[in-house]
Amino acid sequence: MPKRVDHAERRTEIAEALVRVAGRRGLHAVGMREVAAEAGVSLRLVQYYFQTKEKLLFFGLELLAERFGERVSARVRAAGDSPGPRALVEALLMAALPTDDESRTFHHLYTSYAVLAVNDPALAAQPFIKNPDAAEDALTELLRQAQEAALLEPGVDARLEAAGLLAMSAGLGTGILVGQRSAESATAVLGHQLNRIFRTGDEVST
């Protein structure tokens, strides 16, 4: 009896091959043929599952987004049984910094996709992630919880601070990638910003 093919697993294996190749060569240099070779499958099979390079890239980014969620969850668990709002904010922001191979690949590919989409209508037509405001919404809610618990400085606008923190994290991440600053320096900058918002003076955990 023929072995039953798990199509979801096969799609994930191909997307993981895309991430590996893109991590080595850059997203702009990745073709479906190279991904097929990396995955150990035929070009025809890659085309069967994804039809176009744009669809393959988007699925790969969704996979990275899922892995990012797992990184955040792991940091939250490491913060203890009942982490407060600041610990959760730190988990979200610190997980996005490219401090190891996996997070460097995540940051590099997301940034590369955004750059490519500027001049590629097919890429631009794809939603960047299913809900591009999800991280900002989650961070805003955490800051509002801290506000209700009187953990923030007076006059803090949760939505504006959330947007600013995410933009700062993204910029710091790019700085780490290009060697402008170290992970320790980026962590210190985030810690300084959180100390300005939160009443507590605790440093960002690393």
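This report describes the overall build of a predicted model, then its two domains, one helix packing, and two enclosed or partly open spaces.

**Overall build**

The protein contains 10 helices and 0 strands, and its order along the sequence is accordingly written as α-α-α-α-α-α-α-α-α-α. Measured out along the principal axes, the C-alpha trace spans about 65 × 40 × 30 Å. The chain is divided into domain 1, covering residues 1–51, and domain 2, covering residues 64–197. The C-alpha centres of domain 1 and domain 2 lie 29 Å apart, and the contact involves 7 residues from domain 1 together with 8 residues from domain 2.

**Packing of α6 against α9**

Two packed helices are described by the angle between their axes and the distance between the axes. For α6 and α9 (residues 158–177), the angle is about 110 degrees and the axes are 10 Å apart. Because angles of 65 to 115 degrees count as roughly perpendicular, α6 is described as roughly perpendicular to α9. On the α6 side the contact is made by R104, H107 and H108, while α9 contributes A170, G173, T174, I176 and L177. Sorted by class, the residues of this contact are 3 nonpolar, 4 polar and 1 charged.

**The second largest pocket**

Rolling a probe the size of a water molecule over the atoms shows where empty space is left. The second largest pocket holds about 170 Å³ of space. Its lining consists of E16, V19, R20, L63, L64, R67, F68, R71, E102, T105 and F106. At least two lining residues come from each of α1 (7–25), α4 (53–78) and α6 (101–119), and α4 provides the largest share, with 5 residues. The lining of this pocket also draws at least three residues from each of domain 1 and domain 2.

**The largest cavity**

A search of the whole structure finds 1 cavity of 30 Å³ or more, and the largest cavity holds about 30 Å³ of space. The residues lining the largest cavity are L18, V19, L27, L57, G60, L61, L64 and L109. Both α1 and α4 supply at least two residues of this lining, with α4 giving the most, 4 residues. V19 and L64 appear in the lining of the cavity and also in the lining of the second largest pocket.

The table sets out the two spaces by volume, by the contribution of α4 and by the classes of their lining residues.

| Space | Volume | Residues from α4 | Classes in the lining |
|---|---|---|---|
| Second largest pocket | about 170 Å³ | 5 residues | 5 nonpolar, 1 polar and 5 charged residues |
| Largest cavity | about 30 Å³ | 4 residues | 7 nonpolar, 1 polar and no charged residues |

Charged residues thus number 5 in the lining of the second largest pocket, whereas the lining of the largest cavity has no charged residues.

Note on methods
Residues are numbered from 1 along each chain as its sequence is written. This is a predicted model: local features need pLDDT of at least 70, side-chain atom pairs count only at pLDDT 80 or more; totals for chains, interfaces and linings use all residues. Side-chain values use heavy atoms; hydrogens and water are left out. On a 1 Å grid over the protein atoms alone, a cavity is a set of points where a 1.4 Å probe fits but cannot get out, and a pocket is an open set with protein on both sides within 12 Å along at least five of seven lines; lining residues have an atom within 4 Å of a point. Grid points are joined across faces, edges and corners, and a volume is the space filled by probe spheres set on the points. Ala, Val, Leu, Ile, Met, Phe, Trp, Tyr, Cys and Pro count as nonpolar, Asp, Glu, Lys and Arg as charged, and the others, Gly among them, as polar. Domain bounds come from an automatic or database domain assignment. Axes are lines fitted to C-alpha atoms, for helices over the stretch in contact, and angles run from 0 to 180 degrees between N-to-C directions. Angles under 35 degrees count as roughly parallel, over 145 as roughly antiparallel, 65 to 115 as roughly perpendicular and the rest as oblique. Contact means heavy atoms within 4.5 Å.
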